[in-house]
Amino acid sequence: MNFSLKDKSVGFIGMGNMGQAILRGLVTSETVDPTKIFVHNRSQGKVQKVVGLYGCQSTSTAEDLVDKSDIVILATKPQDLLELLEPLRNAFNEDKVVISLAAGIQLRTLKKYIPKANLVRVMPNTPIFICKAVIGFCMSHSDLIVENLVKKLFSPLGHVVSLEEGDPFSAFTVASASGTGFVFELMHYWQDWILEHGISEEEAKRITIETFLGTALLAASEEGLSIEQLTEKVASKKGVTAAGLQSMRELELEGILRMSFNKAVMRDHELGKNQ
Ligand SMILES: NC(=O)c1ccc[n+]([C@@H]2O[C@H](COP(=O)([O-])OP(=O)(O)OC[C@H]3O[C@@H](n4cnc5c(N)ncnc54)[C@H](OP(=O)(O)O)[C@@H]3O)[C@@H](O)[C@H]2O)c1
């Protein structure tokens with residue numbers, strides 16, 4: 001099985017927010033030839049839009065899409081996925097790679113509906129809309145060719161991480177996918193505090209964004225330093241930053257965050273059990 005992307009066709013079932021973001025990323029980065037991309041969606045408007053925009057092809061049925069595609073990306077909401085897969089059980093074969101984006105639907109559940117094919121679960125976070133995502137994936141069985149294919153396919157959209165399903169994938173989901181929401185929550189408090197000190201809302205938002213952005217870029221540029229070392233570097237002894245950091249530690253900010261992350265992991269497990 002040769003999995004160079006050049007000669008492979010990619011099909012999308014579901015052309016909502018995530019499906020369109022991935023399609024756009026693959027076409028604009030020239031990772032996949034648009035004439036080798038097939039799309040299928042429940043409502044027709046989205047299909048017409050992307051066919052017009054990117055020059056990909058539509059299929060009238062999901063079965064036809066599976067037949068024409070080497071790689072099938074399942075991009076419906078989790079609650080629509082299993083009903084969609086039920087009649088497709090025999091459409092897949094061992095040569096297909098099936099990538100599910102559905103949060104909470106585990107590989108063993110997918111395996112029941114798609115007994116043949118290479119199964120992959122992918123979890124992107126929302127910065128995928130600007131090609132700055134962190135994208136985690138796990139596979140039904142270890143296969144270097146499929147692993148490289150998934151990395152090639154998704155790397156134009158962000159940083160791609162291979163994970164084991166179970167605790168690592170769940171922790172990744174919380175830290176990265178939910179993490180975007182957690183960081184926004186922190187940014188909200190930042191902005192509100194700035195606002196209370198006589199700075200306009202527009203400027204407070206900008207200051208907050210630039211502080212988070214600049215800090216992340218600085219951390220990325222200082223590859224040799226740990227995040228802990230970077231924190232020490234910006235806080236001089238008995239200085240202003242050190243006073244704030246000491247208070248955060250005394251108030252146990254870390255404990256609050258850990259508890260919140262663990263609550264989110266528990267919810268992820270609950271959703272997984274219901275499948
Ligand atoms: N959005 C995110 O930030 C995010 C992050 C991580 C993972 N995900 C995962 O990505 C997946 C897609 O999420 P989304 O936000 O893109 O959802 P969405 O915008 O609601 O898109 C889902 C699409 O699937 C289509 N669809 C539903 N049932 C179908 C069927 N039987 N056949 C063909 N098409 C069907 C819907 O068609 P209609 O036009 O008829 O509604 C809709 O266009 C989900 O599984 C989600 O868990 C999303």
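Here is a short back-and-forth on why some features of this predicted model get the labels they do.

User: Why is arginine 42 called exposed?

Analyst: Exposed takes over 50% relative accessible area. Arginine 42 comes in at 75%, so it gets that label.

User: What makes the contact between arginine 42 and aspartate 80 a salt bridge?

Analyst: The cut-off is a side-chain nitrogen of Lys or Arg within 4 Å of a carboxyl oxygen of Asp or Glu. Here the N to O distance is 3.8 Å, so the pair qualifies. The two residues are 38 apart in the chain, with arginine 42 in the loop between β2 and α2 and aspartate 80 in helix α4. Aspartate 80 has 28% relative accessibility and so counts as partly exposed.

User: How do you know that aspartate 64 and lysine 68 form a salt bridge?

Analyst: Same test: within 4 Å is what's needed, and their closest N and O atoms are 3.1 Å apart. So that one passes as well. Both sit in helix α3, 4 residues apart, or about one turn.

User: Why is aspartate 64 put down as partly exposed?

Analyst: Partly exposed runs between the 20% and 50% marks. Aspartate 64 is at 23%, so that's where it lands. Lysine 68, at 38%, is partly exposed too.

User: What makes arginine 121 buried or exposed?

Analyst: Buried means under 20%, and arginine 121 has just 6%, so buried it is. Its salt-bridge partner is glutamate 165, with the closest N and O atoms 2.8 Å apart. Arginine 121 lies in strand β6 and glutamate 165 in the loop between β8 and α7, so the pair ties together parts 44 residues apart in sequence. Glutamate 165 is partly exposed, at 29%.

User: How many salt bridges does the count come to?

Analyst: The total is 9.

User: Why can phenylalanine 261 belong to a nonpolar patch on the surface?

Analyst: Patch members need over 30% relative accessible area and no salt bridge. Phenylalanine 261 is at 31%, so it is partly exposed and clears that mark. Met248, Leu253, Ile256 and Leu257 join Phe261 in the patch, which has about 400 Å² of accessible area together. Helix α11 gives the largest share, 4 residues, and phenylalanine 261 is found in that helix.

User: What makes up the lining of the largest cavity, by class?

Analyst: There are 4 nonpolar, 3 polar and 1 charged residues. Among them are Leu119, Val120, His141 and Asp143. Asp counts as charged and His as polar, because His is on neither the nonpolar nor the charged list. The cavity's volume is about 30 Å³, and strand β6 supplies the largest share of the lining, 3 residues.

How values were computed
Residues numbered from 1 in each chain as written. Predicted model: local features only at pLDDT ≥ 70, side-chain atom pairs only at ≥ 80, totals over all residues. Heavy atoms only, no water. Patch = residues over 30% accessible without salt bridge, like charges linked within 9 Å, V, L, I, M, F, W, Y side chains within 5 Å. Areas by Shrake-Rupley, 256 points an atom, 1.4 Å probe, with all protein chains shown as cover. Buried < 20%, exposed > 50% of the residue type's maximum accessible area, 1.4 Å probe, protein only. 1 Å grid on protein atoms, 1.4 Å probe; cavity = no way out; pocket = protein on both sides within 12 Å on 5 of 7 lines; lining within 4 Å. Points joined across faces, edges and corners; volume = space filled by probe spheres on them.
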